[in-house]
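Colleague: Got a minute to walk me through this model? I'd like to know what sits where.

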Amino acid sequence: MPARSAWHGCHVYRSEPAPLPEPLPFPIADSHTHFDLVDVFGSEEELPTPAPDAPEVLARLAEAEAAGVARVVQVGTDVASSGWAAALADADARVLAAAALHPNEAPRLADLDAALSAIDELAALPRVAALGETGLDYFRTDEAGRAAQQRSFRAHIEIAKRRGKTLVIHDRDAHEDVLSILDAEGAPDRVVLHCFSGDFAFAKECARRGFFMSFAGNVTFKNAQNLRDAASAAPAELVLVETDAPFMAPIPVRGYRNHPALVNYTARFLAEYLERDLEAWCERLWRNTEAAFGDW
C-alpha cells in the first residue's frame, strides 16, 4: 500500500488543535471525511491506521457532535481504507461509509480488476452507502495513467447503479470528461461532486443533471471566488458541506489539521455568503445529506 497521504501530497499543520466553533442551531453532517488519516502530520511515511474505536477517532466524533455536526460519511480511497470505513460505520451509528479506489490509485495497481472486485463486495454491505471517492484527477496523473482512471471510474459507476448506491466523485482538472463519462454511462440516481472545484458554469451543468455539490473549507479561502460563484449557482437543495479532513480546514482555522467539527465554520460561511438564516440553512443541509446518502 502506498503512503496514505500520497494522493493528497505533503501537508504540514499547526501542532496545536484548532479552536472549536460554537454549536450550530440545528445539526448538520460532514459529507466527506477521512478518519483513518486523523494522525497524519504531513509526512509521506506510512503511518499506522487507528482502530475504528481508537481514542482519537472517538474524540473527533464527540467534538463533532458538540459542535452540531451529528453525522459523518467516512470515505475510502483504496481497498484497505474502504474496508476500514465499513468497519467504522458498523461500529458507530453516527457514521456511514463510502468505498472506492481513488482515481490516483487506479494507474498504480498491478491488478485493477481484483481491486474493483473487492470494492464491489464492500458495496454490498448495508452500512456502505456510497461508491466513493472515484472519478478523475488530471492534476496528479499524466496522459499515460488516464485510461486506467477512466476504466476505474466507469466500473464504479456500474457498481453504484447495480448496488443502488450513491456515487461520490473526485474531480480535479477533469470537469468535461467527468460529465461526458457520466452522460455516456448513465449516472446513478444520486451523484455527489465532492470538494466541488468547478465554476459557476460547471455548477449549472451539475445542477441541470441533479447532482449534489459538496463544498469544503476551500470555499472560504480568499482566492476561491470561483467556488463562491459556484455555490451561488447551486440550487439550495443540492448543496452539501464537508471537511475532506484532515485537509483544507476553513477560515478562520486554516493551517490546522481539519476534522469534522470544523465543517461548522464552512456551513456558517455559506449561510452568511448566500444570505441564509443559519438555522434554516443547517436544516436544509441536513435534509440534503439524507437525500444524498440515506438515513443513518
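Modeller: Here is a short tour, beginning with one strand and ending with the annotated site. It is a predicted model, where local features need pLDDT of at least 70 and side-chain atom pairs count only at pLDDT 80 or more, while totals for chains, interfaces and linings use all residues. Residues are numbered from 1 along each chain as its sequence is written, and side-chain values use heavy atoms, with hydrogens and water left out.

Colleague: Is strand β3 buried or exposed?

Modeller: Five of the five residues in β3 (95-99) are buried, so the rest of the structure largely encloses the strand. Buried means under 20% relative accessible area, with a 1.4 Å probe and protein chains only. Strands are DSSP E runs of at least two residues, numbered from the N terminus.

Colleague: Which way do the side chains go?

Modeller: Val95, Ala97 and Ala99 point one way, Leu96 and Ala98 the other. In a regular strand, side chains alternate between the two faces of the sheet.

Colleague: What pairs with β3 in the parallel sense?

Modeller: Strand β2 (residues 69-75) does, over four bridges, and β4 (residues 128-137) does, over three. Pairing takes at least two DSSP bridges. Valine 73 stands opposite leucine 96, and alanine 98 partners alanine 130.

Colleague: New topic. Which residues does the "binding site" annotation cover?

Modeller: The unreviewed UniProt entry lists His32, His34, Glu133 and Asp244. They span 213 residues in sequence, yet no two of their C-alpha atoms are more than 10.8 Å apart, so they gather at one spot.

Colleague: Where is histidine 32?

Modeller: Histidine 32 is in strand β1 (residues 28-33). It is buried, at 0% relative accessibility.

Key: Buried means under 20% relative accessible area, exposed over 50%, partly exposed in between (1.4 Å probe, protein chains only). UniProt positions are given in the numbering used here, feature names are shortened, and annotations may be inferred rather than shown by experiment.
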